[in-house]
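User: I am new to this structure and would like a quick tour. Can we take it one question at a time?

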Amino acid sequence: MRVICDYCGRETEKSTGHVNRAKKINSKLYCDRTCAGKAKRHNKSQKELKKEKAEYDKQYREKNREVLKKKNQAYNKTKAGRATQKRNREKMKEKHLAYCRTPEYRAWKKEYDKKHRAKKNYGEYWESAIILNQLEEFIDNREVKQELGLINKSQNRKRKLNNYGKAKC
Ligand SMILES: [Zn+2]
């Protein structure tokens, strides 16, 4: 059977069975292996291929998010899954510890702990508890300052200095 090569366009002889099979599976026909190889060849660089694969993977993950999530959760409950999680934690350990030392994290953690404790101890009144606590701190500070003579400290100092000066004269 005479058919046309899908790559070079030249006529070529193929058996009827071969042609029928190609039609059935919707594949192309080439005159020889060289043309088949050239037809398969693409002019994409490694970088382009990687980019395409990354894009494909992204779309795949988006399309199958729910399924993948369930699969992942199930895997995490297995012994191998827990081992993987442990390995990942080890890998991230240094980075995580460095993050924990940042002022931003510390400030956030302080706030978080305060809220956590208030919620644990006072339930639905946790917000009032925090405000009350702040007030108490403020009042305490004033009391302590008063007792230690720390209020109007600079004014007192000036007064003393003035008296000292007068006494000398
Ligand atoms: Zn050909």
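User: Where is the place of Lys28 in the chain?

Analyst: A word first: this is a predicted model. Asn26 lies in the loop between helix H1 (16–24) and helix H2 (33–40). Lys28 has its place there too, in the loop between H1 and H2.

User: Does Lys28 count as buried or exposed?

Analyst: The count of C-beta neighbours decides. A residue with 12 or fewer inside 10 Å is exposed. Lys28 has 12 such neighbours, so it counts as exposed.

User: Leaving aside neighbours within four places in sequence, which residues is Lys28 in contact with?

Analyst: Start with Asp6. Lys28 and Asp6 are 22 residues apart in sequence, yet their C-alpha atoms are 6.3 Å apart in space. Contact is judged on C-beta atoms, with a cut-off of 7 Å. With neighbours within four places left out, the contacts of Lys28 are Asp6 and Ala39.

User: Which residue just after H1 takes a positive phi?

Analyst: Most residues other than glycine have a negative phi. Here a residue other than glycine has a positive one, near 60 degrees. With 6 C-beta neighbours inside 10 Å, this residue counts as exposed. Its place is just after H1, and its name is Asn26.

User: How many of the nine residues of H1 are buried?

Analyst: A buried residue needs 20 or more other C-beta atoms within 10 Å. H1 is hardly covered. Its count of buried residues is zero.

User: What share of the 169 residues in the chain is buried?

Analyst: The same cut-off of 20 C-beta atoms within 10 Å applies. Over the 169 residues of the chain, the buried share comes to 1%.

User: What is the secondary structure of the chain?

Analyst: Read along the sequence, the pattern is β-β-α-α-α-α-α-α-α-α. That comes to eight helices and two strands.

User: What is the radius of gyration of the chain, against what the globule rule gives?

Analyst: The C-alpha atoms fill a box of roughly 130 × 45 × 30 Å along the principal axes. For 169 residues the globule rule gives 15 Å. The chain is well over that, so it is more spread out than a compact globule, with a radius of gyration of 39 Å.

User: How far apart do the centres of domain 2 and domain 3 lie?

Analyst: The domain assignment gives domain 1 (2–40), domain 2 (43–89) and domain 3 (102–160). The distance runs between C-alpha centres. For domain 2 and domain 3 it is 47 Å.

User: At what angle do helix H6 and helix H7 pack?

Analyst: Two packed helices are described by the angle between their axes and the distance between the axes. H6 spans residues 103–122 and H7 spans residues 126–147. Their axes are 8 Å apart. The crossing is right-handed, and the angle is about 115 degrees.

User: Which residues in H7 meet H6?

Analyst: On the H6 side are Lys114, Lys115, Ala118, Lys119, Asn121 and Tyr122. By class, the contact has five nonpolar, one polar and three charged residues. The H7 residues are Trp126, Ala129 and Ile130.

User: How does Lys114 count for exposure?

Analyst: Lys114 is found in helix H6. In space it is 16 Å from Phe138, C-alpha to C-alpha, with their positions 24 residues apart in sequence. Inside 10 Å it has 15 C-beta neighbours, so Lys114 counts as partly exposed.

Key
Residues are numbered from 1 along each chain as its sequence is written. This is a predicted model: local features need pLDDT of at least 70, side-chain atom pairs count only at pLDDT 80 or more; totals for chains, interfaces and linings use all residues. Domain bounds come from an automatic or database domain assignment. Axes are lines fitted to C-alpha atoms, for helices over the stretch in contact, and angles run from 0 to 180 degrees between N-to-C directions. Helices (H or I, at least four residues) and strands (E, at least two) are DSSP runs, numbered from the N terminus. A crossing is left-handed if the near helix is turned anticlockwise from the far one by less than a right angle, and right-handed if clockwise. Two residues are in contact if their C-beta atoms, placed from the backbone, lie within 7 Å. Ala, Val, Leu, Ile, Met, Phe, Trp, Tyr, Cys and Pro count as nonpolar, Asp, Glu, Lys and Arg as charged, and the others, Gly among them, as polar. The radius of gyration is taken over C-alpha atoms; the globule rule is 2.2 Å times the number of residues to the power 0.38.
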